[in-house]
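Reader: I should like to go through the reasoning behind the terms used for this structure. Please set each value against its criterion.

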Amino acid sequence: MTTITILGDEVATATGEWADGRPLIEPDALSAAVGWTLKPEGLCRGDQCVLVGDGSAIRVGDKLDLAAVANAVDQPTVIDPDASVVVLGQPNATRQAALRDRQAPDFTLADLDGAERSLSDYAGKKRLLVAFSSW
Amino acid sequence: MADDGFMVIAVAIDEAVDEVRVLADGITYPVLMDPNHILTETYAISNVPAVVWIDEQGRIARPNANEFGSDMFSEFTGRTCQGHFDQIRAWVHDDVVPDDADSEIADLDEDEIAARLHFRLAAHLRRAGNEEGAVRHFDAAAELAPLDFTVVRAAMPLRGESPFGEEFFKLLEEYQAAGSPFHGITPA
């Protein structure tokens, strides 16, 4: 068993193992690792559930394949078995809703004093979002 | 215009908090740090500055556009910021949006998405002291999205290169030779 780091919205860790380059974790650890929970009806987060059939696509023995879970919920991944890290990208549907349906994706980030702020904190105002950098 | 139900939210696609603090000196609106480049993924941002107009209901009133907040780079871009300021004023006061507001922005392709995740992994490994792993993933990111400034140029200071040096001008030349591919509106 080893520690697998998951870079998603937050940095999370889960106890698991790598098998043939696949990141495997205990089903109980899934929710804390990726925000989705495996239930009889599928992979669920909030009031949203994604069907996974009999679960054979995401199960390896008594463990879950994190990359297959991400694939099932349409979140991209990059995995690095050597560093024991899984990068879990944002749901593709979020960006597609922005580009196609003009729904501004919400986000929560720290300000310069470390306080977390969200786009939705300022709902009800017209907002000019400015992405900039020092580079 | 702050009293008119309008505000600016600035997000630094950056992890250099001290340098961002210098840029943000005197600014009273929120300045947020996005060291993991989440917004480059969810908003399909490929270069900065990029501005997005978001209305009261959280809908995008005008998608990603390459607009500047000052005329510092006017000589370079051939544009001034006054036009954009006038457009924002018309939007805030009269709900008028410019003709380019319904422009379609191309989605990221799989390589561009993977490049963002490799960048995030590289930045994480670098912060964790794994320089070799960081270089490997910065390289993978640059190979997948060689003309994306949030991938290639953003990595320069993290790889010990100057984002205003030789590598930048090489990137700029390749970018322009490719027709300046940008996920967003590039105003005339």
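Reader: How many residues does each chain bring to the contact between chain A and chain B?

Author: In this predicted model, chain A gives 40 residues to the contact and chain B gives 64 residues. On the side of chain A, S9 (77–80), S10 (85–88), H3 (92–101), S11 (108–111) and S13 (126–132) each supply at least two residues. S13(A) gives the most, with 7 residues.

Reader: Which classes of residue make up the side of chain A that touches chain B?

Author: That side has 23 nonpolar, 9 polar and 8 charged residues.

Reader: What makes S11(A) and S2(B) count as paired strands?

Author: Pairing requires at least two bridges. S11(A) is joined to S2(B), residues 31–33 of chain B, by 2 bridges, and therefore the two strands pair. They run antiparallel, and Ala110(A) has Met33(B) as its bridge partner.

Reader: Why is H5(B) called roughly antiparallel to H6(B)?

Author: H5 (residues 110–127) and H6 (residues 131–144) of chain B pack at an angle of about 165°, with their axes 8 Å apart. Angles over 145 degrees count as roughly antiparallel, so H5(B) is roughly antiparallel to H6(B). The crossing of H5(B) past H6(B) is left-handed.

Reader: Which residues meet where H5(B) contacts H6(B)?

Author: Among them are Ala114(B), His118(B) and Phe119(B) in H5(B), and Ala134(B), His137(B) and Phe138(B) in H6(B). The residues of this contact divide into 11 nonpolar, 3 polar and 3 charged.

Notes. Residues are numbered from 1 along each chain as its sequence is written. Chains are lettered from A and ligands numbered from 1 in the order in which they are written. This is a predicted model: local features need pLDDT of at least 70, side-chain atom pairs count only at pLDDT 80 or more; totals for chains, interfaces and linings use all residues. Axes are lines fitted to C-alpha atoms, for helices over the stretch in contact, and angles run from 0 to 180 degrees between N-to-C directions. Helices (H or I, at least four residues) and strands (E, at least two) are DSSP runs, numbered from the N terminus. Angles under 35 degrees count as roughly parallel, over 145 as roughly antiparallel, 65 to 115 as roughly perpendicular and the rest as oblique. A crossing is left-handed if the near helix is turned anticlockwise from the far one by less than a right angle, and right-handed if clockwise. Two residues are in contact if their C-beta atoms, placed from the backbone, lie within 7 Å. Ala, Val, Leu, Ile, Met, Phe, Trp, Tyr, Cys and Pro count as nonpolar, Asp, Glu, Lys and Arg as charged, and the others, Gly among them, as polar.
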